[in-house]
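Here are a few notes from my read-through, in numbered points. Have the model open while you go down the list.

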Amino acid sequence: MLKINEIFYSIQGESTYVGCPTVFIRLTGCNLRCTYCDTKYSYYEGEWINLSEIISQVKLHNTKYICITGGEPLLQKGIYQLMACLCDEEFKVSLETSGSKDCSHVDSRVKIILDLKTPSSGEVDKNYYENLNFIPPGSEIKFVIGTKEDFDWSENICSQYSLFEKYTVLYSPSHNLAHPKWLAEQILQKKSSARLQLQQHKYIWTPETRGV
Ligand code: SF4
């Protein structure tokens, strides 16, 4: 059984799977409290659902992309079995994890999107850097950047752990702190190898398009 906050079908707004129709499985619970968190509703709310029911719900949507997200999915032990089952069913599974938990037990068929916490998140001290020494080459490392300090810090970490050489590195502007144009300019000025990532879903579903 896993405590699930929500299962929904939408367009993937992030990572190299951006734009793909995807089923999202959001797990309840998070050990962090990032300043910019937009999924606070996932900290406690949810219902316990067994594995076969989760897989049945996923199969209702005719897509091969599944994104496991949170909260922090790796807090629940049952997540490893769910990921393995979904891979056995030949779904393309990605895992969004905060970078504070050991990823060594994640099924090797899963694409890990590791969201390393930058200084403006308020949770930079929780990063588990050991992950950067063993996660598989197909993984993606994401940095949410809100300030120049965040940008410089991210470049230093990428250099220190040779992340540009090993992984796809994604720089995403922190929604209320940094404009995409500013971050684009930082990347170009520095001649960084990071890839600018905009959260596509936030441009599709705005208060206006939702009729709010
Ligand atoms: S890790 Fe994600 S869910 Fe947890 S507090 Fe940070 S932004 Fe929110």
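1. A word on terms before the ligand: a residue counts as near a molecule if its C-beta atom, placed from the backbone, lies within 6 Å of it. Keep in mind that this is a predicted model.

2. With that cut-off, the residues around the ligand are Cys30, Leu32, Arg33, Cys34, Cys37, Thr39 and Ser42, plus Gly70, Gly71, Glu72 and Ser98. Sorted by class, this shell has five polar, four nonpolar and two charged residues.

3. Next, have a look at strand S5, residues 92-97, where five of the six residues are buried. On one side, four bridges tie S5 to strand S4 (residues 65-69), and the two run parallel; Tyr65 sits opposite Lys92 in this pairing. To get from S4 to S5 the chain goes through helix H2 (residues 79-88), in a right-handed β-α-β crossover.

4. S5 also pairs with strand S6 (residues 111-116), again parallel and with four bridges. Here Ser94 stands opposite Lys111.

5. Which way do the residues of S8 point? Thr168, Leu170 and Ser172 go one way, Val169, Tyr171 and Pro173 go the other, and all are buried. So much for that strand's faces; its partners come next.

6. Strand S7 (residues 140-145) runs parallel to S8 and is joined to it by six bridges, with Val144 opposite Ser172. Strand S9 (residues 195-196) is also parallel to S8, through two bridges, and Leu170 faces Arg195 there. Between S8 and S9 the chain passes through helix H5 (residues 180-190), and this β-α-β crossover is right-handed.

Definitions and conventions: Residues numbered from 1 in each chain as written. Predicted model: local features only at pLDDT ≥ 70, side-chain atom pairs only at ≥ 80, totals over all residues. Nonpolar A, V, L, I, M, F, W, Y, C, P; charged D, E, K, R; others polar. Buried ≥ 20, exposed ≤ 12 C-beta atoms within 10 Å, placed from the backbone. Pairing = 2+ DSSP bridges. Right-handed = clockwise from strand over helix to strand, strands pointing away.
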